[in-house]
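The exercises below go with the structure shown here. Work through each task before reading its solution.

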Amino acid sequence: MIAIIGAGVSGLSCAWWLQRQGVAVRVFEAAERVGGKVSTLAADALCEQGPNMLLLDEELQQWLAELGLSPLWPEQGSGLRHVLRSGRYRPLPAGPWQLLAGSFLSWPAKWALLRGLLRPGSPKEAEASLAEFCRRRFGQEVLDKLLDPLAGGVFAGDPEELALEETLPRLARAAAQPLPLWRGLWRQRTARARMCTLQGGLQQLPQRLARDLDVRLGAPVTALRRDGEGWRLRTREGWTRAERVVLALPADAAAELLHPLAPEMADICRRIPYAPLAVVSTLLDGEAMDRPLPGYGALHPSGEGALTLGHLTVSNIYPHVCPAGTRLVTSFIGGRRHPESLESSDAALLDGLNAELEKLFGMRGKPLAQYLARWPQALPQGTGLQRRLRGAAAPWSGRGLHLCANWLDGASLPDCLGKGRRLAKQLAARASGFA
């Protein structure tokens, strides 16, 4: 039996694929629900309180079909994104050539962008932070206007801290090649993934994965011990034996289990930084905004001094999630650079958010409803620690101890689903004696 500790998307994916390949597997989850940060609230509107979308490639779309889950695609024209600049929203160009042709960047910044795309890379460059890479290759203006809001809005992070190879691996691989950057990116082009949600919300995915699995809820694993060629796990029901163990739980919880066995690996796990977030869903009357934002939503550069990292105009993208004649906006507060924001009370956070919605969107009156979720450990940050962790973890995989979590090798839903599937394939091959 293979024991998986943690019933987030990574752990459930690994368990599902193991079971499909005939391997006995059991999942232990400390909480009373599966899915980790994937959480859908069905109230006056359908509100995603964690991840808000799923990017589908052809392979993942086929898997969803096998699970009986149908993707719901965005409304046509909802892909337009905005960036806050000098207190007003400006459309975000869709790519490098639109940046070069439009007025989003100054002429000196356009030349710097063009030179950066033409310049060949080096392996050392791929090891830089997001900010260091962007500043050296494209200049400060591109960092301030583009990469800074991207780092905050997508990763809730600080570009000075985030590692290029951990957060934008495709760009890092292109930057490591002795080719013009644009050519390195072109060589890595793949079929474009499509954004979607699911009927009933994204929580349907982990619930469906768990449906046919042996998942023990409210069953924290409190100790992990080597037992000959296998392992023993201690839960409230006593000790359980497993041939192999997969750690698919938060980094600090993994560190507690690892410390007696692998103190170096435990120390790295304990130091992996997380960005805290408050996620607020605001339901409004359709006529309660003087300046409704078209398209997908907006990102806020740190220099704008906004309370939020950005807003997602959910009802533009998926009108079905709220009643006719209403609007749904999801806002993100906190992040790695402003963790102090979450020290405020719920009332203070909502007051500050509503003041921002009045200023930026022309919101009038009180919202019809607001739902706030706090995530002290919302998003693990990809830094240089992950590279060290891979080295420390490598010897343990030969002893039957594996890592499969959102704090290693990508935190997005497709990342987590993919790493679970890949690990399951490796483990199933070993169980069959082919590896």
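**Exercise 1. Lining of the second largest cavity**

Task: Sort the lining residues of the second largest cavity by class, and state which secondary structure elements supply at least two of them.

Solution. The model is a predicted one.
Step 1: The lining of the second largest cavity consists of 4 nonpolar, 3 polar and 1 charged residues.
Step 2: The residues in question are Met-289, Pro-292, Leu-293, Thr-313, Ser-315, Asn-316, Arg-327 and Val-329. Arg counts as charged, so Arg-327 is the charged residue of this lining.
Step 3: At least two lining residues come from α13, and at least two from β18.
Step 4: The volume of this cavity is about 50 Å³.

**Exercise 2. The largest cavity**

Task: State how many cavities of 30 Å³ or more the structure holds, and describe the lining of the largest one.

Solution.
Step 1: There are 3 cavities of 30 Å³ or more, and the largest encloses about 120 Å³.
Step 2: This largest cavity is lined by 15 residues, of which Leu-46, Glu-48, Val-314, Tyr-318 and Val-321 lie closest to the centre.
Step 3: By class, the lining has 9 nonpolar, 5 polar and 1 charged residues.
Step 4: Four elements give at least two residues each: β4 (46-48), β9 (194-198), α13 (314-317) and β18. The biggest share, 3 residues, is from β4.

**Exercise 3. Surroundings of β18**

Task: Is strand β18 mostly covered or uncovered, and which residues stand opposite Val-329 and Ser-331?

Solution.
Step 1: β18 spans residues 326-334, and 8 of its 9 residues are buried, so the strand is mostly covered; buried here means under 20% relative accessible area.
Step 2: Strand β15 (residues 274-285) pairs with β18 in the antiparallel sense through 9 bridges. Here Thr-282 is opposite Val-329.
Step 3: Strand β17 (residues 308-312) also runs antiparallel to β18, with 4 bridges. In this pair His-311 faces Ser-331.
Step 4: Val-329 also belongs to the lining of the second largest cavity.

**Exercise 4. A sheet and its helix**

Task: Give the strand order of the open sheet that contains β9, and identify the helix that packs on that sheet.

Solution.
Step 1: The order of the 3 strands is β5-β9-β6, with antiparallel pairing.
Step 2: β5 (54-56) and β6 (71-72) are the edge strands, each paired on one side only.
Step 3: Between β6 and β9 there are 2 bridges, and Pro-71 has Leu-198 of β9 as its bridge partner.
Step 4: Helix α2 (residues 58-67) packs on this sheet and touches β5 and β9; the directions of α2 and β5 make an angle of about 110°.

How values were computed: Residues numbered from 1 in each chain as written. Predicted model: local features only at pLDDT ≥ 70, side-chain atom pairs only at ≥ 80, totals over all residues. Heavy atoms only, no water. Buried < 20%, exposed > 50% of the residue type's maximum accessible area, 1.4 Å probe, protein only. Pairing = 2+ DSSP bridges. 1 Å grid on protein atoms, 1.4 Å probe; cavity = no way out; pocket = protein on both sides within 12 Å on 5 of 7 lines; lining within 4 Å. Points joined across faces, edges and corners; volume = space filled by probe spheres on them. Contact = heavy atoms within 4.5 Å. Axes fitted to C-alpha atoms, helices over the stretch in contact; angles between N-to-C directions.
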